[in-house]
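Got the viewer open and a selection box ready? Here is a walk through one chain, stop by stop, with something to pick at each one.

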Amino acid sequence: MVAHKFTVDLNKPLVFQVGHLGESYQEWVHQPIVSKEGPRFFDSDFWEFLTRTAWWAIPTIWLPVVCWCISMSVRMGHTLPQTALMVAFGIFLWTFVEYVLHRFLFHIETKSYWGNTIHYLLHGCHHKHPMDGLRLVFPPAAAAILCIPFWNLIKFCATPSTTPALFGGGLLGYVMYDVTHYYLHHGQPTNQVPKSLKKYHLNHHFRIQNKGFGITSAFWDRVFGTLPQTKAADKAR
């Protein structure tokens, strides 16, 4: 714990404490506590329940929605190859959204009371308690609310018949992202690709937290120059 005028009591609900850290919040939140037992967020059992989500709830809830959206475009006259291309493009768009949200929203620097509080709820809690298995995936209630502007944005840019498949592809990309994120923290991969992804993501948590914003791939980190250096490169400097 960093010694400051205000000290967070980890035995009490955290959400309305962290705002009092002020400018020291950024230092505090990026000093991870590695424990599978997560802290309590709220006094209220109802609000506390909404912050906890088992990983399997994500595919269970959202994959039927994905299938329904894709089937809409098929029923509107698109062939299966056309629909598959739209879904693939939707997944690709999600990878960009994933990168942008993680880099520019989840890692925004805050110091005001409400700025710190909201940041902690969005992403700070994950960096403080990176192994909290019930706060690794996005709560379905919040995701459902965010689906509305994303649907309307795609509807504005696309045609009525392509909108459902594009949205379904983006939603499928999100499901892949959340499930992958959970696996990178709690899975024990044996194949090279998932092992490399796990190393890449844990490097973001425990070594260079202002680089490596991709979760499902490092593609956009390469494009925008946020690929972290290796330990060997750091030592050579």
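What follows is a tour of a predicted model, going from record annotations to single side chains.

**Stop 1: the annotated spans**

Start by colouring residues 54–74, 80–101 and 136–154, which an unreviewed UniProt entry marks as "transmembrane region". Select 54–74 on its own: the span is 86% helix and 0% strand, and its end C-alpha atoms sit 32 Å apart. Now try 136–154, where helix makes up 79% and strand 0%, with 27 Å between the end C-alpha atoms.

Next, switch to residues 88–226, listed by UniProt (unreviewed entry) as "domain: Fatty acid hydroxylase". This span is 70% helix and 0% strand, and the C-alpha atoms at its two ends are 25 Å apart.

**Stop 2: His-201**

Select helix H9, residues 192–206, and find His-201 in it. Is His-201 buried or exposed? Its relative accessibility is 1%, so His-201 counts as buried. Show the neighbours next: leaving out residues up to four places away in sequence, His-201 touches His-126, His-181, Leu-184, His-185 and Ile-215. One of these deserves a distance label, since the side chains of His-201 and His-181 share a polar contact of 3.1 Å.

**Stop 3: Tyr-25**

Jump to helix H2, residues 25–29, and pick Tyr-25. With a relative accessible area of 0%, Tyr-25 is buried. Which side chain makes a polar contact with the side chain of Tyr-25? Select His-119: the contact is 2.7 Å. Beyond residues up to four places away in sequence, Tyr-25 touches Val-18, Thr-110, Asn-116, His-119, Tyr-120 and Gly-124.

For a sense of scale, draw a line from Tyr-25 to Thr-163. Their C-alpha atoms are 41 Å apart, and the two residues are separated by 138 positions along the chain.

**Stop 4: salt bridges**

How many salt bridges does a search of the whole structure find? The count is 6. Begin with Lys-111 and Glu-23, whose side chains meet in a salt bridge at 3.9 Å, N to O. Lys-111 is in the loop between helix H5 (80–105) and helix H6 (113–128), while Glu-23 is in the loop between helix H1 (15–18) and H2, so this pair ties together parts 88 residues apart in sequence. Turn on the surface and check both partners: Lys-111 is exposed at 54% relative accessible area, and Glu-23 is exposed at 62%.

Then select Asp-9 and Lys-12, another salt bridge, with the closest N and O atoms 4.0 Å apart. Asp-9 is partly exposed, with a relative accessible area of 27%.

Move on to Asp-45 and Arg-40, where the side chains form a salt bridge at 2.6 Å, N to O. Asp-45 counts as exposed at 59% relative accessibility, whereas Arg-40 is partly exposed at 31% relative accessible area. Now add Glu-48, Arg-52, Asp-132 and Arg-135 to the selection: salt bridges with shared partners join these residues into one network.

**Stop 5: the cysteines**

Looking for disulfides? A search of the whole structure finds 0. Select Cys-67 and Cys-69 to see why: Cys-69 holds the closest cysteine sulfur to that of Cys-67, and at 9.4 Å it is too far for a bond. Cys-147 also has its closest cysteine sulfur in Cys-69, at 8.4 Å, so that pair is too far for a bond as well. Cys-147 itself is buried, with a relative accessible area of 15%.

**Stop 6: aromatic rings**

Finish with the rings, where the count comes to 20 aromatic pairs. Zoom in on Phe-219 and Trp-220: the ring centres are 4.8 Å apart and the planes stand at 80°, so the pair is edge-to-face. Compare the two on the surface: Phe-219 counts as partly exposed at 42% relative accessibility, and Trp-220 counts as buried at 13%.

Which cluster do ring pairs build with Phe-219 and Trp-220? Extend the selection to Phe-92, Phe-96, Tyr-99, Phe-213 and Phe-224, which ring pairs link with Phe-219 and Trp-220 into a cluster.

Key:
Residues are numbered from 1 along each chain as its sequence is written. Side-chain values use heavy atoms; hydrogens and water are left out. Helices (H or I, at least four residues) and strands (E, at least two) are DSSP runs, numbered from the N terminus. Buried means under 20% relative accessible area, exposed over 50%, partly exposed in between (1.4 Å probe, protein chains only). A polar contact is a pair of N or O atoms within 3.5 Å; within protein, one must be able to donate a hydrogen and the other to accept it, and residues adjacent in sequence count only if both atoms are side-chain atoms. Contact means heavy atoms within 4.5 Å. UniProt positions are given in the numbering used here, feature names are shortened, and annotations may be inferred rather than shown by experiment. A disulfide is a pair of cysteine sulfur atoms within 2.5 Å. Rings of Phe, Tyr and Trp (its six-membered ring) pair if their centres lie within 6.5 Å; planes under 30 degrees apart count as stacked, over 60 as edge-to-face and the rest as tilted.
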